[in-house]
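Please examine the structure shown below together with its sequence. The report that follows describes how its parts are arranged.

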Amino acid sequence: DYVIIRIGRDDTVWVDEQEAPSRQEVLAKLREAREGPPGSTSPGPTSLLVLADGEARHETVVMALDAGNAVGMEDIRLATVDEEDL
């Protein structure tokens, strides 16, 4: 089970289908995902998949990867995709 970050050509970042316009919001949404559903005793996923458009800025992609590391994701993967596939 993965938490998925999507990065569009325009550097728009989405964490599990929720837009995260700043690094702080990316971190907050990743922490929420790691904690699991509200009221649940089971933890959330420890794997992160970053799907980035090939035209996205390198800086944005690195920020997403770093955010995953900062919240303790154990398995972080990166894939480039076309905008239509995001």
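## The β-α-β unit

In this predicted model, a right-handed β-α-β unit is formed by strand 4, helix 2 (residues 58-70) and strand 5. The two strands of this unit, strand 4 and strand 5 (residues 75-81), pair in the parallel sense over seven bridges. Within this pairing, L49 stands opposite R77 in strand 5, and A52 stands opposite T80 in strand 5.

## The sheet

The strands belong to an open sheet of five strands, whose order is 3-2-1-4-5 and whose pairing is mixed. Strand 3 (18-19) and strand 5 are the edge strands, since each of them pairs on one side only.

On which strand does strand 4 find a parallel partner over six bridges? That partner is strand 1 (residues 2-7). Here I5 stands opposite V50 in strand 4.

## Strand 4 and its surroundings

Is strand 4 largely enclosed or largely open? Six of its seven residues (residues 47-53) are buried, so strand 4 is largely enclosed by the rest of the structure.

One residue of strand 4 is S47. Residues under 20% relative accessible area are classed as buried; S47 has a relative accessibility of 13% and therefore counts as buried. Apart from its neighbours within four places in sequence, S47 is in contact with D1, Y2, V3, M73 and D75.

## The nonpolar core

In soluble globular proteins, nonpolar side chains tend to be buried together. In this model, the largest nonpolar core has 20 residues, and those that touch the most other members are V3, I5, I7, V15, V26, L30 and L48. At least two residues of this core come from each of the following elements: strand 1, strand 2 (13-15), helix 1 (23-35), strand 4 and helix 2.

V3 offers a detailed view of such contacts. When residues up to four places away in sequence are not counted, V3 touches V15, D16, L30, A33, P45, S47, L48, L49 and M73. The contact between V3 and S47 also appears in the list for S47. Among the residues touched by V3 are V15, L30 and L48, which are themselves named with V3 as core residues that touch the most other members.

Notes: Residues numbered from 1 in each chain as written. Predicted model: local features only at pLDDT ≥ 70, side-chain atom pairs only at ≥ 80, totals over all residues. Heavy atoms only, no water. Buried < 20%, exposed > 50% of the residue type's maximum accessible area, 1.4 Å probe, protein only. Helix = DSSP H or I, 4+ residues; strand = E, 2+ residues; numbered from the N terminus. Pairing = 2+ DSSP bridges. Right-handed = clockwise from strand over helix to strand, strands pointing away. Core = buried A, V, L, I, M, F, W, Y, C linked by side-chain atoms within 4.5 Å. Contact = heavy atoms within 4.5 Å.
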